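Morning, everyone. I have one structure to walk through today. Please put it up on the screen.

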Amino acid sequence: MDSIGAVGLQQREGFPSCSQKGLPCPSDSSELVLECLQQFKVTQTQLQQIQTSLLGSMEQALGGQASSASAVRMLPTYVGSTPHGTEQGDFLVLELGATGASLRVLWVTLMGTEGHRMEPRSQEFVIPPEVMLGPGQQLFDFAAHCLSEFLDAFPVSTQDLQLGFSFSFPCHQTGLDRSTLISWTKGFRCSGVEGHDVVQLLRDAIKRQGAYSIDVVAVVNDTVGTMMGCEPGVGPCEVGLVVDTGTNACYMEEARHVAVLDEDRGRVCVSVEWGSFGDDEALGPVLTTFDHALDQESLNPGAQRFEKMIGGLYLGELVRLVLAHLAQQGALFGGCTSPALLSRGSILLEHVTEMEDPLAGAARVHAILQDLGLSVGTSDAELVRYVCTAVFTRAARLCGAALAAVLSRLQHSREQQMLQIAVATGGRVFEQHPSFLSILQETVMLLVPECDVSFIPSVDGGGRGVAMVTAVAARLAAHRRLLEETLAPFRLNREQLAAVQAQMQEAMAKGLRGEASSLRMLPTYVRATPDGSERGDFLALDLGGTNFRVLLVRVTAGGVQITSQVYSIPECVAQGSGQQLFDHIVDCIVDFQQKQGLSGQSLPLGFTFSFPCRQLGLDQGILLNWTKGFNASDCEGQDVVCLLREAIGRKQAVKLNVVAIVNDTVGTMMSCGYEDPRCEVGLIVGTGTNACYMEELRNVASVAGDSGHMCINMEWGAFGDDGSLGLLRTCFDANVDQASINPGKQSFEKMISGMYLGEIVRHILLHLTSLGVLFRGQQTQRLQTRDIFKTKFLSEIESDSLALRQVRAILEDLGLPLTSDDALMVLEVCQAVSQRAAQLCGAGVAAVVEKIRENRGLEELTVSVGVDGTLYKLHPHFSGLVAATVRELAPRCAVTFLQSEDGSGKGAALVTAVACRLAQMDHV
Ligand code: BG6
Ligand code: GLC
Ligand code: GLC
């Protein structure tokens, strides 16, 4: 069949005669009608062109390149899978926009078992024309009113009303319950709605109405409802096709092909919005003068050209325009028109389907035409039927070509030669006009013969599908609430942070006075930052961070040059015997000296030892306790410098001159202080966390002297070990603490530093999995594994430049397979945990700088903080959050953060250099 004008137009015998003079005789009339209807003929070639052109437009839009208004939109919905049949519950459904000027409310019960169905209750409401064209608020108020009326009439037992909103206009969806109207179509034009979230507008209206408390859980297009509501047959329905007032289709596209989505896996339902297809190039050859006239008189001239040839809102109008034209030509109704025939909208879809129905008798056609005030001659009924058939047939064939484009797209994206697929159909045109489907099917077979398509009529006019989506959305919303509840304790407000700052300041003062305090406030015997006159070659060790390093530091008039090497400290050594640990350290030094040609030289050595030590001088440090995963035996209570010297002694070949032992915070402050004399605070946020700062000597009870300053190593990691952080600690913090090698110790550090944040995240993920919120509730062995989340992952996951799909890749590398919803939630967990860490750290810094300002009785303090540590340096938001918190809590201090570039070994060498300079002066 190459062409189709109007089915049955070939049978032209038996026309009645015309009684009126001057008018064409019957055979002339039928000639005129047939000639006119030729315009509605669409050839196979034209159909193929439309299919190809639509496919091109779809692919462009998927690739994110669609620019012209006449292109299809390809709007991703938030529906990612077809129903499993296990969804259950009671749902309210509100349908707006599918069926002309009416609105439908349904009460749908999903049974949770496939094949079991309960008839929904439903009620239809006619939307007054002034509401369709008035202010948006009026339309949504009307909808809310209809909901109340429905619920008044059908009282339901549950208080917990969850609503799915079927809103059948082109919308940008940004969530299952967020959808912005792009533009009205199909005779609606309410002001103040385009560009707004229609879910919010409905929620506001329901609130204004106030009668029922209804939660709008999901919003869907009618095509999606149609697809989702289909009883899965042999396979799932993966295309939804609607021909009602308007026309459109949706289908399951591979997510990786949808450029606007950040997804590389799975499928997503895309609403094609093919109604807007059709610039002059694509549709030009098939557009008739009637199409142009209809477009011009419509509410949206130039838009939705394709829909205006297919949608039920327009079919009646096309027929009317043709009949009026033919009457004016004298080919119908004795050459007379009627006011009704000349008025827009007088012929409706129902009229056309009835008149065209071969089973309906001529009497019915007569009746309809007479109602329009027309004088109907005996041949008119038959000719009018031809007109209806021509208009309908063209619509069905065009719609078939469009569906063929979608099927070709599916074939291509699934790389399947033979596609077997089920298409759910919905809308009054299918329901009222059985031959529409058969013509459409014929066209599809002609255009995509290799597709095996079954057509399945939708259930409950798509209401069931909307309820399905609503059920999924309700589950996701419940998950979100659980996520929020879980993360709430991590979200600290200003008051809580200010309280931490105040407690910290109090603990500092007590520690300095030698009173019981979780802050030890250890004197370091570093009294001044470098003055630039230091010179010489020094060795430095840097132990206690991620890396153990040995360094050669050359301090010259031209600056500082550093050569260094990283050595590993295996866990068995860090947690073995003290002797083993210090022998290993000396072995590394020997190796370094050999490589640098320094063997036999006894260079002064500065030792960055990043653990709490009670110092009695610059070169004496008694290890109070190990932190951060170190636990070598027989070291606590010992002078670390002695332990090192003993190990040197055991290796008789080496000579070393240990001059100073410094904490990493001190090394960092000194290193940054070499560049900036205002640097009087050192901060580490890495494996562990800690700070040091220049305190007034008169405030340090344990060191004699009243003038000058001394750097104090706060050991703030232990802050809160006396229980003072109790209210802020979550059960996850408690879990992490319990599983650590030092339970009850380093409370503040365990909420902030890199060694623990990953573990906190892991415990939260375990909890959310047990609630069924994550990983479909399935606990994996991987997630039970301690320390699988490294700080590095936290930093990577939160990096803005990483797309969500990469977040998932990271988690999958860890053996955690997840969905995109999971990936987003994991990201939120990481954000909450690291944000709390940064804010607590900021509250600590605020306490320190305020203390310095108060010490000096200054109104305003300008100070710099030298910072090091992988978490601080690598995390994308950590440093910004610390600075923001400090600004908030210590507004009278202007604080500059300087990142240490050379590590704290340089600082240790500088401390050593200062000590050597002073020692030389003593000798002189
Ligand atoms: C390094 C310093 O750069 O940072 C070390 O040189 C310090 O002394 C370390 O301990 C802290 O960060 P991390 O992340 O390695 O623990
Ligand atoms: C219009 C709408 C579309 C809807 C279709 C069928 O084309 O823009 O969203 O699916 O009509 O109702
Ligand atoms: C731990 C140590 C401390 C060190 C900090 C940062 O808290 O106890 O001395 O400064 O980690 O590395």
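One term before we start: a polar contact is a pair of N or O atoms within 3.5 Å. Keep in mind that this is a predicted model.

Let's begin with ligand 2. The side chain of Lys186 has an N or O atom 2.9 Å from an oxygen atom of ligand 2. That pair is a polar contact, because the cut-off is 3.5 Å. Asn221 does likewise with its side chain, at 2.7 Å from a ligand 2 oxygen. Then there is Asn248, with a polar side-chain atom 3.0 Å from an oxygen of ligand 2. How much of ligand 2 does the protein bury? On its own, ligand 2 exposes 310 Å², and the protein buries 100% of that.

Who else is around? Ligand 2 has 15 residues about it, and the nearest are Lys186, Asn221, Asp222, Glu273 and Glu307. Sorted by class, that shell holds three nonpolar, eight polar and four charged residues. Two elements each give at least two residues to the shell: α6, at 222-228, and β10, at 247-254.

Strand β10 takes us to the sheet. What is the strand order? It reads β1-β11-β10-β9-β12-β13, in an open sheet of six strands with mixed pairing. At the edges sit β1 (75-76) and β13 (451-457), each pairing on one side only. Strands β1 and β11 run antiparallel, joined by two bridges, with β11 covering residues 267-271. One residue pair to look for there: Pro76 has Val270 in β11 as its bridge partner.

Now add a helix. Helix α15, residues 434-447, lies across β9 (237-243), β12 (419-426) and β13. Its angle to β13 is about 165°.

Over to ligand 1. Which residues come closest? They are Asp542, Thr687, Asp868, Thr870 and Ser904, out of 15 that surround ligand 1. The class split of this shell is one nonpolar, 10 polar and four charged.

Side-chain contacts next. Thr870 has a side-chain N or O atom 2.5 Å from an oxygen of ligand 1. For Ser904, the side-chain distance to a ligand 1 oxygen is also 2.5 Å. Thr546 has its side-chain N or O atom 2.7 Å from an oxygen of ligand 1. And the cover? Ligand 1 alone has 380 Å² of accessible area, and the protein covers 93% of that.

That's the tour. Questions, please.

How values were computed
Residues are numbered from 1 along each chain as its sequence is written. Chains are lettered from A and ligands numbered from 1 in the order in which they are written. This is a predicted model: local features need pLDDT of at least 70, side-chain atom pairs count only at pLDDT 80 or more; totals for chains, interfaces and linings use all residues. Side-chain values use heavy atoms; hydrogens and water are left out. A residue is near a molecule or strand if one of its heavy atoms lies within 4 Å of it. A polar contact is a pair of N or O atoms within 3.5 Å; within protein, one must be able to donate a hydrogen and the other to accept it, and residues adjacent in sequence count only if both atoms are side-chain atoms. Accessible areas come from the Shrake-Rupley method with a 1.4 Å probe; for residues, only the protein chains shown count as cover. Ala, Val, Leu, Ile, Met, Phe, Trp, Tyr, Cys and Pro count as nonpolar, Asp, Glu, Lys and Arg as charged, and the others, Gly among them, as polar. Helices (H or I, at least four residues) and strands (E, at least two) are DSSP runs, numbered from the N terminus. Two strands pair if DSSP finds at least two bridges between them. Contact means heavy atoms within 4.5 Å. Axes are lines fitted to C-alpha atoms, for helices over the stretch in contact, and angles run from 0 to 180 degrees between N-to-C directions.
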